[in-house]
Amino acid sequence: MANVLTAFKANRTKIWVGAVTLLLVFYLVVSFQRAVLLMTDPNPVAKAIGMAYLLLPVIGAWALVRELLFGARTERLAKILEAEGGLPEDTLPRTPAGRIVREAADLEFEKYRAETEAAPEDWRSWFRLSCAYDAAGDRKRARAAMRDAVRLYRTGSRQA
């Protein structure tokens with residue numbers, strides 16, 4: 001029982017991603033089925049609604065695949081950096097509630113921004129910059145920087 005609990009704690013995020021993915025797939029299948037039912041109705045308005053409704057599962061499936069690939073690629077890069085000893089250490093001070101102190105994150109961010117400006121073709125610097133954006137609370141830029149890291153890695157800029 002202790003092993004199961006340890007395995008659950010170690011893979012908690014993956015388990016939740018899997019559960020949410022299964023729920024989304026179920027929703028997409030039901031949406032697709034409802035769209036097909038509407039398109040087989042003799043009423044032209046129902047057919048039109050069914051065709052429009054068919055877009056939901058298509059867009060949802062595209063977004064799901066895109067996000068799962070992004071997560072898998074990000075995890076692959078993190079494992080490479082971890083093996084190289086290049087992951088940024090989480091040494092930032094925290095509030096009593098466990099949140100990162102914003103001012104400290106902003107100071108740490110400047111270090112990674114300068115590193116990325118010095119080596120703009122190195123995916124490792126973009127990965128670390130993404131972590132710094134995330135620590136500073138800027139999720140939108142964190143994802144953009146991580147997309148740049150993945151793109152650079154995939155296009156062959158794998159050497160430091």
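A residue counts as buried when its relative accessible area is under 20%, as exposed when that area is over 50%, and as partly exposed in between. The structure discussed here is a predicted model. Arg102, at 49% relative accessibility, is therefore classed as partly exposed. The same scale applies to the other residues considered below, beginning with the partner of Arg102.

Arg102 and Asp106 are joined through their side chains by a salt bridge, with an N to O distance of 3.7 Å. Both residues belong to helix 5, which spans residues 102-118, and they stand four residues apart, about one turn of the helix. Asp106 has a relative accessibility of 35% and so counts as partly exposed. Side chains of opposite charge can pair when their charged atoms come close. Across the whole structure, a search finds 14 salt bridges.

A further example lies in helix 4, where Glu75 and Lys79 form a salt bridge whose closest N and O atoms are 3.8 Å apart. These two residues are four positions apart in helix 4 and are therefore separated by about one helical turn. Glu75, with a relative accessible area of 30%, is partly exposed. Another salt bridge links the side chains of Asp122 and Arg124, at 3.4 Å from N to O. In which environment does this pair sit, buried or exposed? Asp122 counts as buried because its relative accessibility is 11%, and Arg124 is likewise buried, with a relative accessible area of 10%. Salt bridges with shared partners also join Lys14, Glu75 and Lys79 into one network.

The discussion now turns to helix packing. Two packed helices are described by the angle between their axes and the distance between the axes. Helix 3 comprises residues 44-53 and helix 4 comprises residues 55-84; their axes come within 5 Å and cross at roughly 0°. Angles under 35 degrees count as roughly parallel, so helix 3 and helix 4 are roughly parallel to each other. On the helix 3 side, Met51, Ala52 and Tyr53 meet Leu55, Leu56 and Pro57 of helix 4. By residue class, the contact of helix 3 with helix 4 contains six nonpolar residues, no polar residues and no charged residues.

How do the axes of helix 4 and helix 7 cross, and at roughly what angle? They come within 10 Å and cross at roughly 70°, helix 7 being formed by residues 139-154. Since angles of 65 to 115 degrees count as roughly perpendicular, helix 4 and helix 7 are roughly perpendicular to each other. Helix 4 contributes Arg66, Glu67, Phe70, Arg73, Thr74, Arg76, Leu77 and Ile80 to this contact, while helix 7 contributes Arg143, Met146, Arg147, Ala149, Val150, Tyr153 and Arg154. The residues of the contact of helix 4 with helix 7 divide into seven nonpolar, one polar and seven charged.

Thr74, a residue of helix 4, allows this contact to be examined at the level of a single side chain. Thr74 is buried, because its relative accessible area is 18%. A polar atom of the Thr74 side chain lies 2.8 Å from the backbone oxygen of Phe70. When neighbours within four places in sequence are left aside, Thr74 is in contact with Phe127, Met146 and Val150. Met146 and Val150 are among the residues that helix 7 brings to its contact with helix 4.

Leu81 is also found in helix 4. The relative accessible area of Leu81 is 0%, so this residue is buried. Not counting residues up to four places away in sequence, Leu81 touches Gly86, Leu87, Trp123, Arg124, Phe127 and Arg128. Arg124 is the salt-bridge partner of Asp122, and Phe127 is also in contact with Thr74. Leu81 and Arg128 are 47 residues apart along the chain, yet their C-alpha atoms are separated by 9.5 Å.

Asp41 provides a final point of reference, in the loop between helix 2 (12-39) and helix 3. With 30% relative accessibility, Asp41 counts as partly exposed. Asp41 touches Ala46 and Lys47, residues up to four places away in sequence not being counted. Asp41 and Val65 are 24 residues apart in sequence, and their C-alpha atoms are 31 Å apart in space.

Technical notes: Residues are numbered from 1 along each chain as its sequence is written. This is a predicted model: local features need pLDDT of at least 70, side-chain atom pairs count only at pLDDT 80 or more; totals for chains, interfaces and linings use all residues. Side-chain values use heavy atoms; hydrogens and water are left out. Axes are lines fitted to C-alpha atoms, for helices over the stretch in contact, and angles run from 0 to 180 degrees between N-to-C directions. Angles under 35 degrees count as roughly parallel, over 145 as roughly antiparallel, 65 to 115 as roughly perpendicular and the rest as oblique. Contact means heavy atoms within 4.5 Å. Ala, Val, Leu, Ile, Met, Phe, Trp, Tyr, Cys and Pro count as nonpolar, Asp, Glu, Lys and Arg as charged, and the others, Gly among them, as polar. Buried means under 20% relative accessible area, exposed over 50%, partly exposed in between (1.4 Å probe, protein chains only). A polar contact is a pair of N or O atoms within 3.5 Å; within protein, one must be able to donate a hydrogen and the other to accept it, and residues adjacent in sequence count only if both atoms are side-chain atoms. A salt bridge is a side-chain nitrogen of Lys or Arg within 4 Å of a carboxyl oxygen of Asp or Glu.
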